[in-house]
Amino acid sequence: MKKCAVFLLISMMLSGCGAEETFETIADEFVQSAAAPMREVILELPEEAVLPASESDAGMLYLCDGYEISVQTLPAGDLEASVYRITGFSKDRVDLISTQPGTYRRHDLVWSTLGEQGDQVGRAAILDDGSYHYVLSVLAEADRAGEFEQVFRALFESYALG
């Protein structure tokens, strides 16, 4: 009888010690923000660049006599990646000037490189509205770049966001 009482007492004490499983649920709702609409690009192309030689989702390429014009849109946020994609150089290896002409930032840059036909010089403007990098770039043969100075000046002066 004494054994039964001890067994009963131990059973009662241990019955409250059983581990209860606790389940936790998480009801996070991931809402991906909608991409901001692309803005209108304002640009006056030279007469000889009426039709693009190449057109894709990323942009357009215009081939002209002695130079080429590229207009493209890249995701914003990483200026270093955009500069590298345009020039093939890191941001600290090009001459870069940043301004804020309105509701967006403008980054102008120049570089030189050795191309398939010899030395080339490039110039680009990146308009950054926080959602996209709108890129205008030109690449010209270095020995003929002076011929196109007026064309490039008018092209880059006309470049803006609407």
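Visitor: What makes Asp-65 and Arg-144 a salt bridge?
Guide: The term means a side-chain nitrogen of Lys or Arg within 4 Å of a carboxyl oxygen of Asp or Glu. Here the closest N and O atoms of Asp-65 and Arg-144 are 3.4 Å apart, so the pair fits the definition. Keep in mind that this is a predicted model, where local features need pLDDT of at least 70 and side-chain atom pairs count only at pLDDT 80 or more, while totals for chains, interfaces and linings use all residues. Residues are numbered from 1 along each chain as its sequence is written, and side-chain values use heavy atoms, with hydrogens and water left out.

Visitor: How do you know that the pair links distant parts of the chain?
Guide: Asp-65 and Arg-144 are 79 residues apart. Asp-65 sits in the loop between β3 and β4, and Arg-144 in the loop between β8 and α3 (149-158). Those names come from DSSP runs, numbered from the N terminus: helices are H or I with at least four residues, strands are E with at least two.

Visitor: Why are Asp-65, Arg-144 and Glu-147 called a network?
Guide: Glu-147 also forms a salt bridge with Arg-144, with the closest N and O atoms 3.2 Å apart. Arg-144 therefore meets the 4 Å limit with Asp-65 and with Glu-147, and that links the three residues.

Visitor: What makes Glu-147 exposed?
Guide: Its relative accessible area is 51%. Exposed means over 50%, buried under 20%, and partly exposed in between (1.4 Å probe, protein chains only), so Glu-147 counts as exposed.

Visitor: How do you know that Glu-149 and Arg-153 meet in a salt bridge?
Guide: Their N to O distance is 3.0 Å, so they pass the cut-off too. Both lie in helix α3, 4 residues apart, about one turn of the helix. Handily, an α-helix has 3.6 residues a turn, so residues three or four places apart point the same way. Glu-149, at 45% relative accessible area, is partly exposed, and Arg-153, at 36%, is partly exposed as well.

Visitor: Why do we say that the buried residues of α3 line one face?
Guide: The buried residues of α3 are Phe-152, Leu-155, Phe-156 and Ser-158. Seen down the axis they fall within an arc of 165 degrees, so they line one face of the helix. That arc is taken from the directions from the helix axis to the C-beta atoms. The face turned away from them carries the exposed residues Gln-150 and Glu-157.

Visitor: What makes β3 and β4 a pair?
Guide: Two strands pair if DSSP finds at least two bridges between them. β3 (residues 59-64) and β4 (residues 67-75) have 6 bridges, in the antiparallel sense, so they qualify. They form a hairpin with 2 residues between them, and Gly-66 in the turn has a positive phi of about 95 degrees.

Visitor: How do you know that β8 is mostly covered?
Guide: In β8, 9 of its 10 residues are buried. This strand (residues 132-141) runs antiparallel to β4, joined by 9 bridges, with Ser-70 opposite Ser-137. Another 9 bridges join β8 to the antiparallel strand β7 (residues 118-128). Val-135 in β8 is the bridge partner of Gln-72 and also stands opposite Ile-126.
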